[in-house]
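Visitor: Hi, I have a structure here and would like to go through it with you. Could you look at it with me?
Guide: Gladly; please put it up and ask as you go.

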Amino acid sequence: MPDVDMRPPVVAESGDPFTALRVIDLVARLPRGRAIPMQSLVDRLNATYLDWLFEARVVADALIQLQSNWLADYRNSTGIVLDDGPTGPMLTLEDTTRVDPWVARQAQRAATACRDALADFSRRDRPAGEG
């Protein structure tokens, strides 16, 4: 897995590669074949990254993007399942050997986007970003 200790913004945002990398890193460590409440994921992210604030909608957006990527790669919906459960939204990961390398590739893609964002930021010559 790529290093997740990059210097990101403090508030997690939808579509942000730094947020996606942290969510993917957590997904990589989740048990397979068992439904997990999304609120548990939000709580775990907030407890792990104390200098961040993760909202449920942001985590849901990152998980929906992962689910979309899975559908594009494997053309089935069994790998990452987001369902409504008795306590709210639930995430279930397929319990097969193809999940781990796929999640690692997603993390590598997010890490590359993080590095690109940092490089782009470092090339700016003004605080407002112009130039």
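Visitor: Which residue in S3 does Pro 37 stand opposite?
Guide: Pro 37 stands opposite Met 90 in S3, and, since we are beginning, please keep in mind that this is a predicted model.

Visitor: And what does Ile 36 stand opposite in S3?
Guide: The residue facing Ile 36 is Leu 91 in S3. S1 and strand S3, which covers residues 88-93, pair in the antiparallel sense over 2 bridges.

Visitor: How many bridges join S2 to S3?
Guide: There are 6 bridges joining S2 to S3, and these strands run antiparallel. In this pairing Asp 84 stands opposite Pro 89 in S3, and a hairpin joins S2 to S3 through 2 residues.

Visitor: What's the strand order in the sheet, then?
Guide: The sheet is open, has 3 strands and follows the order S1-S3-S2, with antiparallel pairing. Strand S1 (36-37) and strand S2 (80-85) stand at the edges with a single partner strand each, so one side of each has no neighbour in the sheet.

Visitor: What holds strands together in general?
Guide: Strands of a sheet pair through backbone hydrogen bonds, and the pairing can be either parallel or antiparallel.

Visitor: Let's switch to the core. Which residues have the most contacts inside the largest nonpolar core?
Guide: That core has 34 residues, and those with the most contacts inside it are Val 27, Leu 30, Leu 63 and Leu 91. The elements that give two or more residues to this core are H1, helix H2 (38-48), H3, S3 and H4.

Visitor: What is Leu 63 in contact with, apart from its neighbours within four places in sequence?
Guide: Leaving those neighbours aside, Leu 63 is in contact with Val 23, Val 27, Met 38, Leu 41, Ile 80, Leu 82 and Leu 91. Leu 91 has come up before, as the residue in S3 that Ile 36 stands opposite.

Visitor: Okay, and Leu 71, where is that one?
Guide: Leu 71 has its place in helix H3. Leu 71 is partly exposed, because its relative accessible area is 38% and partly exposed covers values between 20% and 50%. Once neighbours within four places in sequence are left out, Leu 71 is in contact with Asn 76 and Ser 77.

Visitor: How far apart in space are Leu 71 and Tyr 49?
Guide: From C-alpha to C-alpha they are 29 Å apart in space, while in sequence Leu 71 and Tyr 49 are 22 residues apart.

Visitor: And how about Ala 104 and Asp 25, how far apart are those in space?
Guide: Ala 104 and Asp 25 are 8.5 Å apart in space, C-alpha to C-alpha, although 79 residues apart in sequence. Ala 104 lies in helix H4, and with a relative accessible area of 27% Ala 104 is partly exposed.

Visitor: Arg 75 next: is it buried or exposed?
Guide: Arg 75 is exposed, with a relative accessible area of 73%, and its place is in the loop between H3 and S2. Its backbone also deserves a look, as phi of Arg 75 is near 55°, a positive value in a residue other than glycine. Most residues other than glycine have a negative phi.

Visitor: New topic: how much space lies in the largest pocket?
Guide: About 290 Å³ of space lies in the largest pocket. Its lining has 19 residues, of which Asp 16, Ala 20, Ile 24, Gln 65 and Ala 110 lie nearest the centre of the pocket.

Visitor: Which helices supply that lining?
Guide: Helix H1 (17-28), helix H3 (56-74) and helix H4 (99-122) each supply at least two residues of the lining, and the largest share, 6 residues, comes from H3.

Visitor: What does the lining look like by class?
Guide: By class, the lining of the largest pocket has 9 nonpolar, 6 polar and 4 charged residues.

Visitor: Last one: what does Glu 13 touch, not counting residues up to four places away in sequence?
Guide: On that count Glu 13 touches Thr 19 and Val 58. Glu 13 is in the segment before H1, and at 46% relative accessibility Glu 13 counts as partly exposed.

How values were computed: Residues are numbered from 1 along each chain as its sequence is written. This is a predicted model: local features need pLDDT of at least 70, side-chain atom pairs count only at pLDDT 80 or more; totals for chains, interfaces and linings use all residues. Side-chain values use heavy atoms; hydrogens and water are left out. On a 1 Å grid over the protein atoms alone, a cavity is a set of points where a 1.4 Å probe fits but cannot get out, and a pocket is an open set with protein on both sides within 12 Å along at least five of seven lines; lining residues have an atom within 4 Å of a point. Grid points are joined across faces, edges and corners, and a volume is the space filled by probe spheres set on the points. Helices (H or I, at least four residues) and strands (E, at least two) are DSSP runs, numbered from the N terminus. Ala, Val, Leu, Ile, Met, Phe, Trp, Tyr, Cys and Pro count as nonpolar, Asp, Glu, Lys and Arg as charged, and the others, Gly among them, as polar. Two strands pair if DSSP finds at least two bridges between them. A nonpolar core is a set of buried Ala, Val, Leu, Ile, Met, Phe, Trp, Tyr and Cys residues joined through side-chain atoms within 4.5 Å. Buried means under 20% relative accessible area, exposed over 50%, partly exposed in between (1.4 Å probe, protein chains only). Contact means heavy atoms within 4.5 Å.
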